[in-house]
Amino acid sequence: MKNSRKLLGKEIKLAASPLSWLFISFALMAFIPGYPILVGAFFVCFGIFQSVQSGRENNDILYTVLLPVSKTDAVKAKYRFAVLIEMLAFAVSAIITMIRMTLMTQTTPYVTNPMMNANQAYLAYMLLIFALFNWVFLGGFFKTAYKFGFPFVLFIVISFLLIIAAEVLHHIPGLEFLNRTDTLGSTTMWTILAAAVGISVIVTFISCKVAMKRFERVDM
Amino acid sequence: MGTVLSVKNLRKEYPKFTLNNISFEIEEGMIMGLIGRNGAGKTTTIKSILNLIHTSGGDIEYFGMNLAEHETEIKQQIGYAGGAVDYYKKKKIKKIISVTKTFYSDWNDDEYRKYMELFELDEDKTPSELSEGMKVKLNLTMALSHGAKLLILDEPTSGLDPVSRDELLEIFKILAQKGVAILFSTHITSDLDKCADSITYIKKGQLQFSGTMSDYIEKCKSEGIGETLEEIMIHYEKENLHEKFA
């Protein structure tokens, strides 16, 4: 078994907080009408934050770098764990979104919903919030591998600005389509989602590379 | 006997402290004490040889291999235990072990069970339920179960009661007889009287001496400095105090 897989196992069995798994359930918020459902993505990230915090309290980073692995492997493992949780939450949200876009397109609370509806744009925003977390929080954490207060506060501020912007956007004349419930056949909406997938993959990849370089410079 | 660890001209510069020109060698089956006052540079030396911090200069080789180039290979063959550090304090020992062992190609479950029994460790307990002495024993068990040829221990006897300390030093001697080399830092000189073959004495980041303990004590005795390590350390460190207040 490769070190990267063993380290992901270590993240899951030893470093992870149960809250990381529990908070995946916030992806179910995609069902709630009249609520800023993107906040669910923020809570998923908050769950991952709990694991980083628990890891720090349990000397997880020191334990990891003392194992016969490289420091870069330790960084990759944290990113892999975060992406795993994010993808599980995304999968839950994607299933709910598909249900809403196929079976519930005419459901009154959703059709008249003044807040964000679950559609491809919502999934795209969700991915952007995850990318933001990986970039701002995880990338920031590995500057010291110890201090995470500032990176997390920065993530909170930027993610809430993004949530507000996403809620405002579909009220702007001409952009109402971003909140439609019947967008299953919309090429524009699928393109928006595809673009978000691309952006989040690139941002996370670059952030991980930067974090590896930062962590290499850290004295334990 | 083969050289297990060779440190040459190790240097680490901090804004207010410099560890300078530290050199020493450890052979198979040797117990070396790394001594010095608090803040002398013992932990910095240990962190440097574990590649936990970036050195400003010098060469570190394990089993003839350069540390920077063969880090993962070297870590398969060494074990580390910090005195007060515990990992995953609320996880059961058996869970920690089940993960840890997957990283070591030479992990031996029979050896693991043997040391768990010998040290009277219960794998259903969590590290938070262990005393300081038992934590050190757990770290030793983990290191010995993957066949570590060198144990690097940072103040393993600090915080231990006299009986546990004596017991631990006895364990060191038994392990050394089996060919395991041990490097342990301490500021408790009586620990070294009981088990160390050699010492590396660091004073304010500078190497004061590195070699066999009997040679050092003989030399200091002939110079009228002292007859025990404690007397010698007090002589050197106190001399400075006198200069300061002069």
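Q: How do I read the crossing of α5(B) and α6(B), left-handed or right-handed?

A: Look down on the pair and ask which way the near helix is turned from the far one. In this predicted model, α5(B) crosses α6(B) in the left-handed sense.

Q: And at what angle do α5 and α6 of chain B pack?

A: The angle compares the N-to-C directions of two fitted axes. Here α5 (residues 132-145) and α6 (residues 162-177) of chain B pack at about 15°, and their axes are 12 Å apart. Angles under 35 degrees count as roughly parallel, so α5(B) is roughly parallel to α6(B).

Q: Which residues of α5(B) and α6(B) meet?

A: From α5(B) come B:Val136, B:Lys137, B:Leu140 and B:Leu144. Facing them in α6(B) are B:Glu167, B:Leu168, B:Ile171, B:Phe172 and B:Leu175. Sort the residues of this contact by type and you get 7 nonpolar, no polar and 2 charged.

Q: Switching topic, how many disulfides are there over all chains?

A: You check whether two cysteine sulfur atoms lie within 2.5 Å. The count here is 0 over all chains.

Q: Why is A:Cys208 not bonded to A:Cys45?

A: Because the gap is too far for a bond: the sulfur of A:Cys45 is the closest cysteine sulfur to that of A:Cys208, and it sits 16 Å away. B:Cys220 is in no disulfide either, with its nearest cysteine sulfur, in B:Cys195, 19 Å off.

Q: Is A:Cys208 buried or exposed? What about B:Cys220, buried or exposed?

A: Buried means under 20% relative accessible area. A:Cys208 has 12% relative accessibility, so A:Cys208 counts as buried. B:Cys220 is buried too, at 0%.

Technical notes. Residues are numbered from 1 along each chain as its sequence is written. Chains are lettered from A and ligands numbered from 1 in the order in which they are written. This is a predicted model: local features need pLDDT of at least 70, side-chain atom pairs count only at pLDDT 80 or more; totals for chains, interfaces and linings use all residues. Side-chain values use heavy atoms; hydrogens and water are left out. Buried means under 20% relative accessible area, exposed over 50%, partly exposed in between (1.4 Å probe, protein chains only). Axes are lines fitted to C-alpha atoms, for helices over the stretch in contact, and angles run from 0 to 180 degrees between N-to-C directions. Helices (H or I, at least four residues) and strands (E, at least two) are DSSP runs, numbered from the N terminus. Angles under 35 degrees count as roughly parallel, over 145 as roughly antiparallel, 65 to 115 as roughly perpendicular and the rest as oblique. Contact means heavy atoms within 4.5 Å. Ala, Val, Leu, Ile, Met, Phe, Trp, Tyr, Cys and Pro count as nonpolar, Asp, Glu, Lys and Arg as charged, and the others, Gly among them, as polar.
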